[in-house]
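Please open the structure in your viewer and keep the selection tool at hand. This tour goes from one selection to the next and says what is there at each stop.

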Amino acid sequence: MSFQTSALILSWIAILLLALVVSGLVRQVHALSTGSVGRPASVGLRPGSPAPRFRDLAPPSPATLVLLFLDHGCATCDHLLDEAAEQVHRAGVVLRVLYRHTVPPRAADLPMTVLDEQADLFDRYDAIATPFAVVIDVTGRIQRSEPVGSRVALRHLLDQVDDPSGSATGPTVHPSHRGGSL
């Protein structure tokens, strides 16, 4: 077999392999565009379910409780800790900050309850990633359970807690569409 024949055969094999790869990619794009691929499982507890250890975490006066699950060493969590400190004086809302392990030293001086060594609650509330927020009503039922990835997201969540009808928040605009970052 000559060099030209070998090269021609290898070229056809490469073209066939490339065609198989492209057809697989086209199939995946089609599956994604039609929505036939299953959505990832939701995280957090379902709205309406009872909040674990609510009596231990609940504020002494009737108020909506917001649990903020953070992690030491997470830059976004540090920003959210600062935002939570700024939002702590909202009427009708009590913030509790929980850490899986140790609390950063600067959190000790903040005007809110910060709890360390709460790995059990991270598991019970299904807070698989940080930062994560859970809103609990005065009866001890979960209202919302979701990741919060920025200071703006936390503010928006707290605004919705203050005004559940959503009339005070106006249209939802992602921060990157406004041109601002935080």
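Patches are made of residues with over 30% relative accessible area and no salt bridge, where like charges are joined within 9 Å and nonpolar side chains (Val, Leu, Ile, Met, Phe, Trp, Tyr) within 5 Å. Accessible areas come from the Shrake-Rupley method with a 1.4 Å probe, and for residues only the protein chains shown count as cover. A salt bridge, in turn, is a side-chain nitrogen of Lys or Arg within 4 Å of a carboxyl oxygen of Asp or Glu.

Before selecting anything, note that this is a predicted model, in which local features need pLDDT of at least 70 and side-chain atom pairs count only at pLDDT 80 or more, while totals for chains, interfaces and linings use all residues. Residues are numbered from 1 along each chain as its sequence is written, and side-chain values use heavy atoms, with hydrogens and water left out.

**The whole chain**

Begin with a cartoon view, in which the secondary structure comes to 6 helices and 5 strands; helices (H or I, at least four residues) and strands (E, at least two) are DSSP runs, numbered from the N terminus. Followed along the sequence, these elements give the pattern α-α-β-α-β-β-α-β-β-α-α. If you then switch to a surface view, the accessible surface of the protein is about 11,200 Å², and 59% of this belongs to carbon and sulfur atoms. Of the 182 residues in the protein, 35% are buried, where buried means under 20% relative accessible area, exposed over 50%, and partly exposed in between (1.4 Å probe, protein chains only). Among the contacts (heavy atoms within 4.5 Å) with a separation of 6 or more, 65% are between residues 24 or more positions apart.

**A nonpolar patch on the surface**

Next, select Met-1, Ile-9, Leu-10, Ile-13, Leu-17 and Leu-20, which form a nonpolar patch on the surface with about 680 Å² of accessible area together. Leu-20 belongs to helix α1, which spans residues 3–34, and this leucine counts as exposed, at 59% relative accessibility.

**The cores**

Now hide the surface and look inside. In soluble globular proteins, nonpolar side chains tend to be buried together. A nonpolar core is a set of buried Ala, Val, Leu, Ile, Met, Phe, Trp, Tyr and Cys residues joined through side-chain atoms within 4.5 Å. Which residues of the largest nonpolar core touch the most other members? Select Leu-68, Leu-70, Leu-81, Val-97 and Met-112, which do so among the 25 residues of this core. The elements that give two or more residues to this core are β1 (64–70), α3, β2 (93–99), β4 (132–136) and α5, and α3 supplies the largest share, 5 residues. Centre the view on Leu-81, whose contacts, leaving aside residues up to four places away in sequence, include Leu-70, Val-97, Tyr-99, Pro-104 and Met-112. There is also a second, separate core of 17 residues, and Ala-51, Leu-98, Tyr-125 and Ile-136 are among them.

**Salt bridges between two helices**

The structure holds 8 salt bridges, and a good place to look is the network that links Glu-83, Glu-86, Arg-151 and Arg-155. Select Glu-83 and Arg-155 to begin with, whose side chains meet in a salt bridge at 2.9 Å, N to O. Glu-83 lies in helix α3 (residues 75–87) and Arg-155 in helix α5 (residues 151–162), so this pair ties together parts that are 72 residues apart in sequence. Is Glu-83 buried or exposed? Glu-83 is buried, at 1% relative accessibility, whereas Arg-155 is partly exposed, at 27%.

Add Arg-151 and Glu-86, which form a salt bridge whose closest N and O atoms are 2.8 Å apart. This pair also links distant parts of the chain, with Arg-151 in helix α5 and Glu-86 in helix α3, 65 residues apart. Arg-151 is buried, with a relative accessible area of 15%, while Glu-86 is exposed, at 53%.

**Last selections**

For another salt bridge, select Arg-53 and Asp-56, whose side chains meet at 3.1 Å, N to O; Arg-53 is partly exposed at 31%, and Asp-56 is exposed at 56%. Return then to helix α3 to find His-79, which is partly exposed at 36% relative accessibility. The C-alpha atoms of His-79 and Pro-131 are separated by 10.0 Å, and these residues are 52 residues apart along the chain.
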